[in-house]
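Please open the model in your viewer and keep the selection tool at hand. The tour below moves from one selection to the next and says what is to be found at each stop.

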Amino acid sequence: MNRINRYTGVVFALIICSFVGAHPALSSEVTKATLKNGLRVVIVQNSLAPVVTTQVNYLVGSNEAPPGFPGMAHAQEHMMFRGNPGLSSDQLSSIIAAMGGSFNAQTQQSLTQYFFTVPVEDMETALHVEAVRMRGILDSDKAWGEERGAIEQEVVQDLSDPQYILSTRLMGKLFEGSPYAHDALGTVESFDKTTGAMLKKFYNDWYAPNNAILVIAGNVDPQRTMAVVKRLFGSIPRKKLPARPPINLSPLKPAEMELDSDLSYGLALVAYRFPGLESPDYAAGMVLSDVLSSQRAHLYALVPEGKALSASFDSYALPKMGYSFALAAFPRGEDGRPMVETIKKIIQGYVTNGVPSELIEAAKRHEIAQAEFQKNSVEGLASAWSQALALEGRSSPDDDIKAISKVTVDDVNRVARNFLINDTAITAIMTPRPSGNPVESKNSGRTNESFAPKQVKRVKLPSWAAHVTKPLKVGVTKEGPVDLKLKNGMRLIVKTTRTSDTVTLYGRVKNNPGLEAPPSKEGVDEILGGLFSYGSRRLDRLAFQASLDEIAADVEVGTLFSLQVVKGHFDRGVELIADNLVNPALPEEAFKVVQKETSSLLAGQETSPKWLVGRALKTALYPKDDPALRYAKPETVDRLTLTDVQNYYHAVFRPDMTTIVVVGNVTPEEAKVTIEKYFGDWKAEGPTPETEYQPIAGNRSAAVVVPNNSRVQDEVTLEESLGMTRSHPDYYPLQVGLHILTGAFYATRFYRDLRESSGLVYTVEAYLDIGKTRSIFGVDYGCNPPNVSKARAIIERDLTDMQTRLVTPEELSRAKNLLVHEVVLSNTSTSGIAMGFLRLSQMDLPLDEPTRAADKYQKITATQVRSAFSRWIRPAEFVQVTSGPQPQ
């Protein structure tokens, strides 16, 4: 079940020009063609970064699955990575890794999508891969037998998520008797009965150029790119497509559902059918959904009124029909039924009395601004076009903007009356059930089984892909960021881009509540974070939100703060976010509400499996009485006063601890003037706070099981503290080794050994959380209880092998390429660029560190990797925390 991306990639120039100014519609930057075999091709230019995203959209999904086999489309998606005529799975994995490993795929009800984001010079290789996969499939029983274990692990993983179970049951009630009633995941039982021949028939029926749309977005030459597409795809024969199953929707019947949850709070939900993509009311439904989710609407008002911990409204659309739902959170221990009735009453009020026209106009402005924001991501731009053409059946993303511009108050109110019908609503209550107490496990999950490591074999790539193994050079950007220090100590980093008429701002106040919250005042930071949404001393909550709505700005405020706004309103946007950050209202009545909400959440958290997992890890990793072990409790929060919050704010929020990054259509001079105008009078008071923990010694091995009755599958985390820090030269060989273990699907050891070869897990990730004074190395995986020790044994074996044997030249080269490509691909969005600079500033690293790192990675040797792993990684000393059934 996937959200419809309603935010298109362009501003329709004739809509509310007084608001956004006249800009060329995206259609003027697009090249389109339909090949003789029926393949539709769209090429969208975007010069944000030297990268390109390709998306192949096959117009087939779970709707077309044979009766009794709901996951057939999903299974075929998996098998597209298991080999094709002329391209083995090993070759595909090696190509993906060499291009940077940025790839994905997803299956929906009516669509299966395959994504690549690669450097521009690798575009033809990515397209060649997709052309080979469109020509034919292997779908052998042997390959399916190997992949079935992984996809069944994915099924069990999702069935261990109570919120996923809720969504599947909800779909079943909303669309009972139609293909929409089941999502694309599938079942273990049906996969056990699936064969390679069945998969191949499904592929032969639906995977055809005349049933596909290819979208390419990025810094490309349209004519050259179109010529490549015609050469690679033009000779693939079209097919006669089968008839699609009919979507016959019976009248909606009311239903009530009750489920247990492993969350720290309860959820109350009221769901309705809603206009589908093909409905003439689709645009009005989008606007209505945005209105009901507004922080100025009655649903969200439950939060500041102290009646709900959170509240929201959302909607999803399928071609024939969509659905929407109102969702509110309530404290553990309370009955969710009154919340359901409260939600219904609020919705009925809008149906009876109508929707405020000012909120309708604000929602329309937001939709139009979001369209311009979409240009700030290469991948987002490709997704917007794919969504519009392949899922919505539009000719362009502009179509939605045009439709939104025509939506009237009467249209919105009509949709509310016709669809928000409480008498046929589906309601659900998710009640949190406490975990049992974490128990120290004598069985650490380790095993004496012997797993001899496989020798990594060398893979010969097809001639058309051989060049991807050559080292990629990261050039120095001609227009690098401008790094400034303001008089009050604030750091300002500005990067000018011209891909859209917008400006993105990210900022961070460097902080550490574990060191900065006074003794017995734990939780003061959480209350402060909840109070920022109540506006400033000049503008109260509703006035502040109304001011943001006037300029259609997206704003978040806290120790991490952000602003996204069209260029013409950059000055006003900075004024508002600075007012909220520097002069927060912190009203007494709001303090009492947030204090109560925080205390309620903390009370539920102490018995929540998710929180207990994190707590168990910290307790085992850090020394007793370490400040990192401090945490807020209901009793500490209940004793706090507004004065405590105010004092904490003044001690922590300081310009000399703050960095702001501005990326977008703004010059450094313009940005500096605006930031100084609204942040310049902010002054630091008192001594500079300490925000870095002291170094610690390495941990001892331990094993803890956190019971979680909602999970079928065990979720396992292995972590250990490292004595090294970010400044140590071993950081670079450790990163190379890490990318030999994970990061590029079957071309990396953990995926090959734990997923491809054994089917023990669906996902496994190794990570290095490295800081200025402390670091953590860890591995996450999920598997069935009998396989926990088997999976850990393989992980330990692979880590030990990294310490005792030299990695192969092919692995070393692939990992280096992967790391260098990650540097290039990190700049595919303005938010990615901004957050990258922000992270570097917080670590006191130079802003060109990624370029320097790319050069260092290329010089790392196999001996250095082995030495770094021998020096720092301790496979036998992991802290293992397992959530779910007792491992066997």
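Which residues are linked with R82, K142 and E146 in a network of salt bridges? Select R82, K142, E146, E147 and R755 together, since E147 and R755 are the remaining members of that network. Please keep in mind throughout that this is a predicted model.

**The whole chain**

Now show the protein chain as a cartoon, in which 31 helices and 23 strands can be traced. The radius of gyration is 27 Å, close to the 29 Å that the globule rule gives for 888 residues, so the protein chain is as compact as a globular protein of that length. If you draw a box along the principal axes, the C-alpha atoms fill roughly 65 × 65 × 55 Å. Colour the residues by accessibility next: of the 888 residues, 61% are buried. With the surface switched on, you are looking at about 34,200 Å² of accessible area, and 50% of this belongs to carbon and sulfur atoms. Contacts can be displayed as well; among those between residues at least 6 apart in sequence, 84% join residues at least 24 apart.

**Aromatic rings**

Hide the surface and turn to the aromatic side chains, among which a search of the whole structure finds 22 pairs. Begin with Y203 and Y207, whose rings are stacked, with 4.9 Å from centre to centre and 20° between the planes. Both of these tyrosines, Y203 and Y207, are buried. For a contrasting geometry, select F679 and W682, where the ring centres are 6.2 Å apart and the planes stand at 45°, so this pair is tilted. F679 and W682 are likewise both buried. Then return to Y203 and Y207 and add Y58, F81, F103 and Y114 to the selection, because ring pairs link these six residues into a cluster.

**Charges over rings**

Two further selections bring a charged side chain and an aromatic ring together. Select K193 with F69, and you will find the charged end of K193 over the ring of F69, at 5.7 Å from its centre. Then select R726 with Y731, where R726 lies over the face of the tyrosine at 3.7 Å from the ring centre.

**Salt bridges**

The last part of the tour concerns oppositely charged side chains, for which the count comes to 48 salt bridges. Select E305 and K307, whose side chains meet with an N to O distance of 3.5 Å. Is K307 buried or exposed? K307 has a relative accessible area of 55%, which is why it counts as exposed, whereas E305, at 47%, is partly exposed.

Move on to R805 and D801, which form a salt bridge at 2.7 Å, again from N to O. Here the two partners can be inspected in turn: D801 counts as buried, with 9% relative accessibility, while R805 is partly exposed, with a relative accessible area of 36%. Finally, select R874 and E877, where the side chains meet in a salt bridge of 2.8 Å, N to O. E877 counts as partly exposed at 32% relative accessibility.

Technical notes: Residues are numbered from 1 along each chain as its sequence is written. This is a predicted model: local features need pLDDT of at least 70, side-chain atom pairs count only at pLDDT 80 or more; totals for chains, interfaces and linings use all residues. Side-chain values use heavy atoms; hydrogens and water are left out. Rings of Phe, Tyr and Trp (its six-membered ring) pair if their centres lie within 6.5 Å; planes under 30 degrees apart count as stacked, over 60 as edge-to-face and the rest as tilted. Buried means under 20% relative accessible area, exposed over 50%, partly exposed in between (1.4 Å probe, protein chains only). A charge sits over a ring if NZ of Lys or CZ of Arg is within 6 Å of the ring centre and within 35 degrees of the ring normal. A salt bridge is a side-chain nitrogen of Lys or Arg within 4 Å of a carboxyl oxygen of Asp or Glu. Helices (H or I, at least four residues) and strands (E, at least two) are DSSP runs, numbered from the N terminus. The radius of gyration is taken over C-alpha atoms; the globule rule is 2.2 Å times the number of residues to the power 0.38. Contact means heavy atoms within 4.5 Å. Accessible areas come from the Shrake-Rupley method with a 1.4 Å probe; for residues, only the protein chains shown count as cover.
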